[in-house]
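Me: Could you take a close look at the backbone of this chain with me, and at the places in its loops where something unusual happens? I am in my first year, so please set the scene before you zoom in.

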Amino acid sequence: MTQTKKTFAVGITGGSGAPYALRTLRALIELGHDVHLVISPSGEKILRLESGLRLGSTLKESEQALRVALEVEGKSGSLRLFDRDNVAAPIASGSYPSAGMVIVPCSTGTLGRIASGISSNLIERAADVMLKERRPLILVPRETPLSEIHLNNMLTLRRAGADILAAMPGFYHKPQSIADLVDMIAGRILDRLGIESDLHPKWGGDL
């Protein structure tokens, strides 16, 4: 599946959902896109707890650990990891031609700070850039139940142009494994970024 190479920002924050993050990253790189990745301390913890992935003590070591875990060595896309405090990174500027961003999973704290226009780290700053530049911003919360504060923040962000893509996999495609459920959410994320994939079946209207 040949597509024009683009650069996407990806943020991984707290909240359960590491498999969604890893599958999305792998798909983007396998499809030939370049990824600028930022991981919060809580995001690093969920990667370790839910996938067994331990990052290194340096950005270079962590980048290599991710490439090995994702099995993307030699793929046409690329992965570049940035420190969350590096607000001078390319994706922190609207002049950098990133094609969109996904935060997966997106903690409700991160969601609230973005909704309030707070940019306390690179993930939040890059999200703010997407909104002000009118580029795709996909937020993938995985929280339940949702409080009125959570819902109001989601509504604020939706009105500002973000897509709220909650991690709610369907069952109409008769999933046979957890991987099938993960692929469905990752596929929907790619859909919202304008990327074609075969990660999830498209509903044909048959009943």
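Reply: Happy to! Let's begin with the outside of this predicted model. The accessible surface of the chain comes to about 10200 Å², and carbon and sulfur atoms account for 50% of that surface. Turning from the surface to burial, 48% of the 207 residues count as buried.

Now for the overall build. The chain has seven helices and six strands. Read from the N terminus, their order is β-α-β-α-α-β-β-α-α-β-α-β-α. The radius of gyration is 16 Å, close to the 17 Å that the globule rule gives for 207 residues, so the chain is as compact as a globular protein of that length. Along the principal axes, the C-alpha atoms fill a box of roughly 50 × 45 × 35 Å. Contacts tell you how the chain comes together: among those between residues at least 6 apart in sequence, 73% join residues at least 24 apart. As for charge, there are 24 positive and 22 negative charges, and the mean positions of the two groups are 3 Å apart.

With that picture in mind, let's zoom in on the loops. Here is a handy piece of background: most peptide bonds are trans, and most residues other than glycine have a negative phi. Keep both habits in mind as we go.

Start with the peptide bonds. The bond from Val 104 to Pro 105 is cis, with omega near -10°. To find Pro 105 on your screen, look in the loop that runs between β4 (101-103) and α4 (108-115). Further along, the bond from Thr 144 to Pro 145 is cis, with omega near -5°. Pro 145 sits in the loop between β5 (137-139) and α6 (148-160).

Next come the phi angles. Glu 71 has a phi near 60°, which is a positive value in a residue other than glycine. You will find Glu 71 in the loop between α3 (59-70) and β3 (78-82). Lys 174 also belongs in this part of the tour: its phi is near 55°, again positive in a residue other than glycine. The loop that holds Lys 174 lies between β6 (163-164) and α7 (178-192).

Is Lys 174 buried or exposed? A residue needs over 50% relative accessible area to be called exposed. Lys 174 has 63% relative accessibility, so Lys 174 counts as exposed.

To retrace the tour, visit the cis bonds that lead into Pro 105 and Pro 145, then the positive phi values of Glu 71 and Lys 174.

How values were computed
Residues numbered from 1 in each chain as written. Predicted model: local features only at pLDDT ≥ 70, side-chain atom pairs only at ≥ 80, totals over all residues. Heavy atoms only, no water. Helix = DSSP H or I, 4+ residues; strand = E, 2+ residues; numbered from the N terminus. Rg over C-alpha atoms; globule rule 2.2 N^0.38 Å. Buried < 20%, exposed > 50% of the residue type's maximum accessible area, 1.4 Å probe, protein only. Contact = heavy atoms within 4.5 Å. Areas by Shrake-Rupley, 256 points an atom, 1.4 Å probe, with all protein chains shown as cover. Lys, Arg positive; Asp, Glu negative; His and termini not counted. Charge placed at Lys NZ, Arg CZ, Asp CG, Glu CD.
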